[in-house]
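Hi everyone, thanks for coming. I'd like to take a few minutes to walk you through one structure, so please have it open in your viewer.

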Amino acid sequence: MNTYRIYDHVQLGSGTVVEDYCIVGALPRGAREGELETVIGEGSIIRSHTVIYAGNAIGRNFQTGNKVNIRESNRIGDNVSVGTLSVIEHHVEIADNVRIHTQVFIPEFSILEEGCWIGPNVVLTNAKYPLSPGVKDRLAGPVIRRGAKVGANATILPGVIIGEHALVGAGAVVVRDVDPGTVVAGNPARVIRRIEELPYTTALHA
């Protein structure tokens, strides 16, 4: 007897493992059975108690930690990892080789480009004035550009762009765009140096 549920409109690639108590292909509110197809690429690992809603297109070698929640209609590339207790809302774009650590929140309309790294307990936001009139028509998730890294417990405000290979320090509150290759820290986050000034720069680009 299976201890997980995989809906009929789900396609799992070869070698994919679904652990106990997972739900894959759950219907979002208002959707009908078979309306939204879910595809998960080969060699993926969906760990226990993960819930993946319908309408997701997910690439090869995807893996989740325990109790991950992924809402509907996302596009997720190859070799993406989502850590335990993280939440990805709907209509999110995640490119190849992205690492999302534990207890991260990724809201609607966020974009995570190739190879970016999101540390534990990071919160991205998409509503500048929550619960204000018409707010749902103006949602804008952050854009994390290629190779950027966001340190633990950082908060990124709506629509903010973190430039390529930039580094956001732990606990930072980022209220404006971050230029490529810069290091920011603090509340509000400010530039404190360039990536090439870090002691491990050679290792980063090896």
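I'll start with the sheet, then visit a few residues, and finish with a hairpin.

One thing to keep in mind: this is a predicted model.

So, the sheet. What is the order of the strands in the open sheet of eight? Reading across, we go β2-β5-β8-β11-β14-β17-β20-β23, and the pairing is parallel. At the edges sit β2, residues 10–12, and β23, residues 161–162, and each of these pairs on one side only. As a quick reminder, strands of a sheet pair through backbone hydrogen bonds, in either a parallel or an antiparallel way.

Let's zoom in on one pair within that order. Strand β17 covers residues 111–112 and strand β20 covers residues 143–144; they run parallel and are joined by two bridges. If you want a spot to click on, find L112, which has I144 of β20 standing opposite.

Now to the cysteines, since somebody always asks. How many disulfides does the structure hold? The count is zero. A disulfide, remember, is a covalent bond between the sulfur atoms of two cysteines. Are C22 and C116 buried or exposed? C22 has a relative accessible area of 1%, so it is buried, as buried here means under 20%. C116 also comes out at 1% relative accessibility and therefore counts as buried.

Next door in the numbering is W117, which belongs to strand β18, residues 117–118. Its relative accessibility is 32%, so W117 counts as partly exposed; that class runs between 20% and 50%. Setting aside residues up to four places away in sequence, W117 touches R99, H101, A148, K149, V150 and G151. Take two of those partners. With H101, the W117 side chain makes a side-chain to side-chain polar contact of 3.1 Å. With G151, there are 34 residues of separation in sequence, yet the C-alpha atoms of W117 and G151 are 8.4 Å apart in space.

R99 turns up again when we look at S81. This serine is in strand β12, residues 81–82. At 13% relative accessibility S81 falls under the 20% limit, so S81 counts as buried. Beyond the neighbours within four places in sequence, its contacts are Q63, V98, R99 and I100.

Let's hop back towards the start of the chain, to T16. Where is T16? You'll find T16 in the loop between β2 and β3, the latter being residues 17–18. Although T16 is in a loop, its relative accessibility is 17%, so T16 counts as buried. Which backbone oxygen does the side chain of T16 reach? That would be the one of G41, at 3.0 Å. Outside the neighbours within four places in sequence, T16 is in contact with G41, E42, G43 and S44.

Last stop: strand β26, residues 182–185. Strand β24, residues 167–168, runs parallel to β26 and is joined to it by two bridges. There, L167 has V183 as its bridge partner. Strand β27, residues 190–194, runs antiparallel to β26, with four bridges between them. In that pairing V184 stands opposite V191. The hairpin of β26 and β27 has four residues between the strands, and G186 takes a positive phi near 100°.

That's my tour, so over to you for questions!

Conventions. Residues numbered from 1 in each chain as written. Predicted model: local features only at pLDDT ≥ 70, side-chain atom pairs only at ≥ 80, totals over all residues. Heavy atoms only, no water. Pairing = 2+ DSSP bridges. Disulfide = S-S within 2.5 Å. Buried < 20%, exposed > 50% of the residue type's maximum accessible area, 1.4 Å probe, protein only. Contact = heavy atoms within 4.5 Å. Polar contact = N/O pair within 3.5 Å; in protein donor to acceptor, adjacent residues only side chain to side chain.
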